[in-house]
Amino acid sequence: MNLVDKATQFIALKYDGRRRTAMQIPYATHLFGVARILKHSGYRDSVVTAGLLHDILEDHVASEAELTELFGLEVLALVKATTEMPKSYSWQTRKEFVIASIKEKSPDELAILLAEKTHNVNSIFAELEQFGEGLWENFNAPKEQQEWYYRSILEQVEENHPNARLLPHLQQAVDKLFVKVAY
């Protein structure tokens, strides 16, 4: 069994029963979506696998030792590099850390971050169409702060990694979600 298939089965088991967002879709669909973006963009299997596993440490669903044993040190390093700070920190602190870390990211680490943020933004857009602006009340920060976060990510990537392969994908998704109407 190849690495991606192995991680797909692992995720399906580890996230069984967990739900995400207002639509209550299985959490694993987010992880599969991130992996799909990476795979369709031509990234190698270790990067796609790390994309599948990117939330697993912060969600405390598996240990570093387990990831190393099943997927190897390269995948573990990529997962660790894309793991957010613990939720015991404030939303603002966690997001500022993500933004500040962008300049130091390797191309593979950055690809996982951009694929994950692109999938998040596209998911929010889909839910807004179904639930309307009240959806923002389900988040840990209001719409304005969410927009600041995603636009700050874009600014940092444009400044530090202007040729990042997935940058246009996130730019398009953010512009679609946070439409500015001029009057």
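This is a guided tour of a predicted model, with a suggestion at each stop of what to select and a description of what is there.

**The nonpolar core**

Begin with Leu38, Leu53, Ile56, Leu67 and Ile153, which touch the most other members of the largest nonpolar core, a set of 57 residues. Helix 7, residues 107-131, is the element that gives the most to this core, with 9 residues. In soluble globular proteins, nonpolar side chains tend to be buried together.

Keep Leu38 selected and display what surrounds it: leaving aside its neighbours within four places in sequence, Leu38 is in contact with Tyr43, Val47, Val48 and Gly51, and also with Ala111, Ile112, Ala115 and Leu166.

**Helix 3**

Next select helix 3, residues 45-53, where 8 of the 9 residues are buried, so that this helix is largely enclosed by the rest of the structure. Colouring Ser46, Val47, Val48, Thr49, Ala50, Gly51, Leu52 and Leu53 will mark the buried residues of helix 3. To see what covers them, show helix 1, helix 2, helix 4 (64-71), helix 5 and helix 7, which are among the covering elements.

From here move along to His60, in the loop between helix 3 and helix 4. The phi of His60 is near 55°, a positive value in a residue other than glycine, and the general expectation is that most residues other than glycine have a negative phi. His60 counts as exposed because its relative accessibility is 69%, where the cut-off for exposed is over 50%.

Glu69, found in helix 4, also counts as exposed, at 69% relative accessibility. If you draw a distance from the C-alpha atom of Glu69 to that of Ser46, 23 residues apart along the chain, the viewer should give 14 Å.

**The largest pocket**

For the next stop, select Arg20, Lys87, Lys95, Glu116 and Asn120, which lie nearest the centre of the largest pocket among the 38 residues that line it. The elements that give two or more residues to this lining are strand 1 (19-20), helix 5 (73-81), helix 6 (91-101), helix 7 and helix 8 (143-160). About 850 Å³ of space lies in this pocket. Helix 7 supplies the largest share of the lining, 8 residues. If you colour the lining of the largest pocket by residue type, you will find 13 nonpolar, 11 polar and 14 charged residues.

While helix 5 is on display, pick out Ala77, which is found in that helix and is partly exposed, with a relative accessible area of 44%. Ala77 and Ile99 are 22 residues apart in sequence, and their C-alpha atoms are 19 Å apart in space.

**Two residues of helix 7**

Return to helix 7 and select His119, which is found there and counts as buried at 13% relative accessibility. Which residues does His119 touch, not counting residues up to four places away in sequence? They are Arg20, Thr29, His30, Gly33, Val34, Arg36 and Ile37.

Then go to Leu128, also found in helix 7, which counts as buried because its relative accessibility is 13%, under the cut-off of 20%. Leaving aside its neighbours within four places in sequence, Leu128 is in contact with Glu133, Leu135, Trp136 and Leu177. The last of these partners is worth a distance line of its own, as Leu128 and Leu177 are 49 residues apart along the chain while their C-alpha atoms are separated by 8.9 Å.

**Aromatic rings**

Finish with the aromatic side chains, which form 7 aromatic pairs in this structure. Select Tyr15 and Tyr27 and turn the view until both rings are seen edge-on: the ring centres are 5.0 Å apart and the planes lie at 15°, so the pair is stacked. This pair links distant parts of the chain, with Tyr15 in the loop between helix 1 (3-14) and strand 1 and Tyr27 in the loop between strand 2 (25-26) and helix 2 (28-40), 12 residues apart. Both Tyr15 and Tyr27 are buried.

The last selection is Trp91, Trp148, Tyr149 and Tyr150, which together form one aromatic cluster.

Terms used
Residues numbered from 1 in each chain as written. Predicted model: local features only at pLDDT ≥ 70, side-chain atom pairs only at ≥ 80, totals over all residues. Heavy atoms only, no water. Core = buried A, V, L, I, M, F, W, Y, C linked by side-chain atoms within 4.5 Å. Buried < 20%, exposed > 50% of the residue type's maximum accessible area, 1.4 Å probe, protein only. Helix = DSSP H or I, 4+ residues; strand = E, 2+ residues; numbered from the N terminus. Contact = heavy atoms within 4.5 Å. 1 Å grid on protein atoms, 1.4 Å probe; cavity = no way out; pocket = protein on both sides within 12 Å on 5 of 7 lines; lining within 4 Å. Points joined across faces, edges and corners; volume = space filled by probe spheres on them. Nonpolar A, V, L, I, M, F, W, Y, C, P; charged D, E, K, R; others polar. Phe/Tyr/Trp six-rings, centres within 6.5 Å; stacked < 30°, edge-to-face > 60°.
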